[in-house]
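Let's walk through a few questions on this one, looking at a sheet and at a chain-chain contact.

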Amino acid sequence: MTELELSEIQAFLLNEYKEMGCSKYYLMQVKDAAATKIFLATVAHGITHASATITRTCLNIGFTSNGLKQLGYHETNMHSFSREFREGMVTEHRQRLLGDFDSSDPSKWQWGGPANERIDLMMMVFGKDEATAGDFYQELKEKFEPALSVVHVLDGKPLPNNREHFGFRDGLSQPVIKGSGFKPSGNNNDIDPGEFVLGYKNEYNVYPDTALLKVAQGKPELLEDNAEGLADEQTNIKYKDVGQNGTYFVLRQLQQDVNGFWGFLKNQTAAGADEKTRNEEATMLAAKMMGRWPGGAPLVKYDKDPGIDVVDDNFNYLKEDASGDKCPFGAHIRRVNPRDVFEESPQKVSLNLTRRHRIMRRVRSYGEDFIGSAANHQPNGEVGLLFGCFNANISKQFEFIQYTWANSPKFKRLYADPDPFIGVREDPEKKLQQIFTIPQSTTNRVITDMQSFVTVKGGGYFFFPSITVIKFLATI
Amino acid sequence: MCMINQQPLITLSAIREDKLDMLKTRLETIRVNLLNSQMAEAPTEFGKVGTLHYGRWIILSRDSFRDEPAVPVGIRLVLSTNYDAIGNDHLDYHLTELVTKLTTYIDDVYECCVGYPEQGERTEESRKNFLKKGIIRTSAFYNGAPGRSVEQIHQEDALHQHIWKFLTSNKWNEQTPAVEIHRAIRQEIDARPEFAWTKEKAGVQGIKWLPLIAYGALFLILLPLIIVWLIYLFIFHELWDKKVTLAQSGLDDTRINELKKVEDVFPQNQFTQVAVLKPGFARHLNFRIWMMRTEVLASLVFVKGKLLNIPTIHFARWVLIDKNNHVLFFSNFDGNWEQYLGDFIDQSGWGLTSIFSNTIKFPRTNFMGVLGIIPGMPLTFPGTKFVLTGGAYDEEHFLAWSRSTQLPTQVWYCPYRHLSIKNINNNTNIRNGLRENLNEEQAKIFLKRF
C-alpha cells in the first residue's frame with residue numbers, strides 16, 4: 001500500500017479538528033502579489049500538515065483559480081488544473097448542475113457570486129476557543145497585511161454532539177484514506193488515496209488528472225516529478241507536479257430554514273392528534289427523509305427512534321432493505337452513499353462503484369447554537385451549515401453526488417423525488433411535481449409539494465496545495 | 001398484443017458552402033424555438049410527427065473530427081431519427097411524415113444543401129427522394145424499450161399519473177389488503193373510457209433464447225480462432241499503440257463550452273461522437289467483429305432497458321460512414337454526461353473498449369479489454385503482476401477521449417424528456433400488471449411501482 005506523505009498534506013483533509021471549538025474562514029484578496037508571496041514563504045512552515053501534533057490552533061490555506069492568476073501563475077500551467085477548479089462554482093452550466101436557482105441564485109450570494117468581490121484565497125484559522133483563534137489570527141494579520149485584504153469571514157463551529165441545525169447527527173459516514181495511517185474503518189469506507197489526494201492512484205487504479213507544470217516558472221526544483229511519469233513529448237523531460245499531495249476543496253454556505261422544515265413536516269401529520277403524537281410523526285417523517293433518526297441511528301437497523309445517539313455506519317441496503325420499506329430510496333443518506341445498491345449492479349460491483357463517488361466532508365455550523373426538533377424549531381437569526389468537502393475530482397465526486405444523486409428526481413426508479421434536503425427546487429419547471437415517496441407495505445405514503453428549506457448563500461472551489469507547493473508558489 | 005418496432009434513420013446531405021452560415025442560423029432558431037416551447041409546456045413543431053421518438057441535426061465537417069480524417073470529408077448535415085415502424089414500407093411512411101408534417105423545417109434546412117429541389121419543384125415525392133439519397137445503414141442499434149411507440153409511452157405515462165393521483169388522494173386503511181387496492185385501481189381505470197386501451201396487454205420483448213444459444217454455440221466454436229486473433233492483434237497492433245496522455249484538463253475550452261451550453265437542461269441528454277478508425281485491414285475487421293457482436297446482443301439480449309449493463313439509455317447506435325473509415329455514435333440517455341460516461345466505464349468498459357480501441361488515439365489497451373469482462377474490474381492474472389487495464393478502464397484518459405471526440409449537436413428533440421427509461425419500462429409493467437390476477441405478494445410489488 002502506498003503511504004501518504006503526511007508531512008506534505010494539509011491536515012484538514014485527514015483531520016476534522018473536532019477539538020477546535022472555533023473555525024474562521026477568511027476569504028481574501030491579493031492586493032500585492034509580491035508581498036503575498038513573501039507572506040506565503042513565511043507562513044508555509046506554520047500550516048498544519050497531517051503529521052503535525054495538533055495543540056491549540058490550526059491553519060490551512062486554499063487558493064481559487066483567480067488567486068493563482070493573481071500570483072502570476074502561468075496561463076498554460078493554469079490550464080492543467082481541472083476545469084471545475086479553473087471555472088469556479090459559478091458558470092451557467094454549473095448552475096444547472098448544482099441546482100442553484102431562485103433564492104440560491106449565485107447573483108444573490110453573499111460571497112463567491114458574480115456580484116461579490118473576487119476571492120483569491122481562503123485562510124482557515126482554527127482555535128480551541130474563540131479567544132485562541134482570535135489571538136492566532138492577530139498574529140497572522142500582522143504578517144499578511146497589507147499584502148492581502150479580507151473580503152468576507154465565515155464563522156463556523158461544531159454544534160454539540162455533532163448535530164446540525166435541523167437536529168440530526170452529522171458526519172457519521174466518512175471515508176478513510178488508505179495509507180493515511182488511520183485505522184481502516186471497514187464497511188466500504190476505506191478508499192484509495194487518489195480519490196482525495198492528487199499524485200496517488202484512485203479507485204480506478206489510475207492517477208487523477210493533476211496540475212502539471214508545463215512551463216517552467218519560479219523554482220521548479222522544489223517540486224517532484226509527476227507520479228504518472230508524463231513527459232514533454234519533445235524533450236522527454238518529466239513534468240513537475242504542482243498537484244502532488246494537494247487536493248480540491250468545495251465550500252458552500254447553506255442557510256437552513258429550521259422553522260420551515262419542521263413546520264412543513266408537522267403540517268403533514270394527523271390533524272386532531274395531540275401535540276406529542278404529532279411531534280413523533282413529524283420526527284418519523286424527518287427520519288424517513290434523512291435515512292437516520294436524529295441521533296444517528298440508521299433506519300435500516302432501527303424501526304423506532306431509540307431516542308439516544310447511535311454512531312453506526314455498519315449497514316447495507318441490498319439484503320436489509322431491498323424494498324425501501326425501512327429507508328426510502330429517496331432518503332438523503334441512501335442517495336448520497338448508495339452502498340451496495342448502486343443502480344442494479346451486483347452487490348460487489350455496487351460497492352466498488354460507490355467508492356468512486358465519495359467525498360471527505362468537513363462541515364461546520366454557523367449562527368446560534370441551536371439544534372432543532374419537532375418540538376422546538378425556532379432559532380434566533382440566520383442559521384446554517386458551512387458545507388465543505390475534499391475530493392480529487394470535483395466533477396466525479398461532489399458535482400456527481402449533487403446532480404446525479406441528489407438533484408435528479410429520476411434517481412433510481414423514482415419519478416419526481418429530488419433529495420428532500422439538498423435537491424428540491426424552490427420554483428420548479430412548470431407542471432413538475434416534487435414529491436417524497438415513503439414505501440410502505442401496501443400503498444406508499446407520498447408527501448407532495450415538497451419545499452426547499454436550504455438556500456445557498458455562497459460558494460467556491462479551492463485548491464489546497466501541499467506544503468512544498470505553497471513554498472513553490474512563493475517563488476513564482 | 002400490440003407491438004410496434006422502432007427503427008433508426010440516418011441520412012447525410014452535403015451542405016452548400018455559400019449557405020453554411022444561413023443553415024447554422026436556421027438550426028439555432030429551430031433549437032431556440034423548440035426549447036422555448038418545451039419550457040412553456042407548449043406543443044412543438046416536431047411533436048406533429050407523432051411517431052418520432054428522438055431526432056437530431058448535426059453539422060459534420062472537418063472541424064467535428066478531433067483527429068485527421070482517414071479520407072477527405074466535406075461539410076455535411078446529418079439527420080438522425082428513431083421512429084415507430086408503421087406499415088409495410090415503414091421508412092417511406094416515416095419520410096412522408098417528416099416532409100409533410102415538418103415541411104417548413106425540412107425546406108428551411110435542406111435548401112441549404114446540395115441538390116435539394118428548387119422551390120417550384122418541391123413535392124412530397126421530391127423531398128422524400130432527396131432525403132432517401134443520403135440514407136446510410138446503421139451498423140448497430142439499441143432500443144431501451146423495444147415495442148413502445150411514442151403514443152404508447154404517452155398513454156402509459158398518463159395511466160401511471162392517473163393511478164398515482166388515485167392512490168395518493170385516497171386514504172387507505174393500513175389493514176386493506178394489497179389485492180383489494182389493486183382491484184380498486186382496476187375499477188377506477190375501467191370507469192374511464194380514455195383508458196380503454198389498457199384492456200389490451202402491451203407486448204414486451206423477452207430475451208430471444210434460441211438464437212442466443214445458437215450465437216453462443218457459434219462463439220464457442222470460433223473461440224480458438226478468436227483467441228488466436230486476439231493474440232495476433234495484441235502482438236502486432238496493440239503493443240505498438242502509443243500511450244495516450246490527454247487528460248480532461250487538456251481539452252479545448254471553446255469546444256467544451258459549446259457542448260455544455262445545451263447540456264443538463266432536462267433530465268435527459270444526448271451524445272454524438274465521431275471517431276476515425278485506425279488504418280489497416282486488421283483494425284477494420286476487428287471493429288466489424290465486435291460491432292457485429294454488439295448488434296447481435298442488442299437485438300437478442302439487451303431488450304430490457306440495459307445496453308451492455310448500462311441502465312440509462314433510451315436509444316443508441318453506431319454508424320459507419322465515409323467508406324467505413326469513420327464511425328458515428330449517437331445516444332439518448334438519462335442523467336448527465338459524467339454519470340453516463342462513468343456508467344460506460346463501470347458497467348461496460350469491456351464492451352466499449354472492444355469497439356472503440358480500433359479508433360485513433362483511444363487509450364491504450366490490452367486484448368481490447370474484452371477479457372476484462374468482469375464489469376468495472378481490471379482482471380489480474382493469478383500470481384502475476386500483469387493487469388488487464390487500459391482502454392475505458394483508463395478512466396481519466398478515457399473520459400478525455402470521449403469528450404474530445406464528441407461533437408456539438410445543433411438540434412435535438414425528444415417528446416418525453418421527463419421520463420427516464422426506467423420510468424417507461426415501469427409504466428408498461430403497470431399497464432400489464434393492472435389486469436393480471438395477482439396474489440397478495442404480487443399485488444404488493446405492483447403497488448411498489450408508484
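Q: In what order do the four strands of the open sheet in chain B come?
A: Keep in mind that this is a predicted model. The pairing in this sheet is antiparallel, and the sheet is open. Reading across it, the order is S4-S6-S7-S5.

Q: Which strands of chain B stand at the edges of the sheet?
A: Look for strands with a single partner, because one side of such a strand is left without a neighbour in the sheet. Two strands of chain B fit that: S4 (140-143) and S5 (268-276).

Q: By how many degrees are neighbouring strands of this sheet turned against each other on average?
A: Direction is ignored for this one. The average turn between neighbouring strands comes out at 10 degrees.

Q: Which residue stands opposite B:Phe141?
A: Start from the pairing: S4(B) runs antiparallel to strand S6 (residues 313-321) of chain B, and four bridges join them. Across from B:Phe141, in S6(B), is B:Arg317.

Q: Which helix of chain B packs on the sheet, touching S4 and S6?
A: The helix in question spans residues 281-300, and its direction makes about 30 degrees with that of S4(B). That's helix H9 of chain B.

Q: Which helix gives the largest share of the side of chain B that touches chain A?
A: Overall, 41 residues of chain B are in contact with 38 residues of chain A. Several helices of chain B each supply at least two residues of that side, including H5 (150-169), H10 (337-356) and H12 (421-434). The largest share is four residues, and it comes from H10(B).

Note on methods: Residues numbered from 1 in each chain as written. Chains lettered and ligands numbered in written order. Predicted model: local features only at pLDDT ≥ 70, side-chain atom pairs only at ≥ 80, totals over all residues. Contact = placed C-beta atoms within 7 Å. Pairing = 2+ DSSP bridges. Axes fitted to C-alpha atoms, helices over the stretch in contact; angles between N-to-C directions.
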